[in-house]
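Hello,

Here is the structure I promised to pass on. Please open it and keep it beside this email as you read.

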Amino acid sequence: MPELFAYTDGACSGNPGPGGWGVLLQAMQDGAVVKERELSGGEADTTNNRMELMAAIMALETLERASALTIVTDSAYVKNGITSWLHGWKRNGWRTAAKKPVKNDDLWQRLDEAQARHDVRWEWIKGHAGHPENERADALARAGMKPFKPAKAKAG
């Protein structure tokens, strides 16, 4: 049975501003990639954190059947939110420990629902540190953002 990995990343030009998300899905067997799929998308007016969340959501929602997988993210926000903070937010009615509304609660709830049908292991890696799969996810996120970025005026 192949091992499944989802490398996820988000990007934003300005924060808020145009943003994109990217996912590299890889099935590995005996240390070799046996299948892979690239996903990307974006929005005209968003934040980096929302795009990081969308990448993880899309990785999970794209899988057609319940799967065991490792999601590799360079976002401490996503990793800590899903593994440490989420339980308390749900218990507190989507409020932080300081009783303030949880930012991006719509996406956190969607991510929570998306991961519920899978067996997910979350892994954080340092971004922009030469990790090839993370670099590919970053390129996909930037490509997803491209249609939403205004064209630069040419100097003449």
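Below are notes on a helix pair, one helix residue and one loop residue.

This is a predicted model, where local features need pLDDT of at least 70, side-chain atom pairs count only at pLDDT 80 or more, and totals for chains, interfaces and linings use all residues. Residues are numbered from 1 along each chain as its sequence is written, and side-chain values use heavy atoms, without hydrogens and water.

The helix pair:

Two packed helices are described by the angle between their axes and the distance between the axes. Here, the axes of α2 (residues 76–91) and α3 (residues 105–116) come within 11 Å and cross at roughly 95°. The two helices are therefore roughly perpendicular (65 to 115 degrees). In the contact (heavy atoms within 4.5 Å), α2 supplies Y77, V78, G81, I82, L86, W89 and K90. From α3 come W108, L111, D112 and Q115. Seven of these contact residues are nonpolar, two polar and two charged.

The helix residue:

D105 lies in α3. D105 counts as partly exposed (from 20% to 50% relative accessible area, 1.4 Å probe, protein chains only), because its relative accessibility is 30%. Its C-alpha atom is separated by 16 Å from that of A116, 11 residues apart along the chain.

The loop residue:

S67 sits in the loop between α1 (48–62) and β4 (68–73). Is S67 buried or exposed? S67 counts as buried (under 20%), with 19% relative accessibility. Its side chain reaches the backbone oxygen of R65 at 2.8 Å. Leaving aside neighbours within four places in sequence, S67 is in contact with L4, R117, H118 and D119.

Best wishes

Key. Axes fitted to C-alpha atoms, helices over the stretch in contact; angles between N-to-C directions. Helix = DSSP H or I, 4+ residues; strand = E, 2+ residues; numbered from the N terminus. Parallel < 35°, antiparallel > 145°, perpendicular 65-115°, else oblique. Nonpolar A, V, L, I, M, F, W, Y, C, P; charged D, E, K, R; others polar. Polar contact = N/O pair within 3.5 Å; in protein donor to acceptor, adjacent residues only side chain to side chain.
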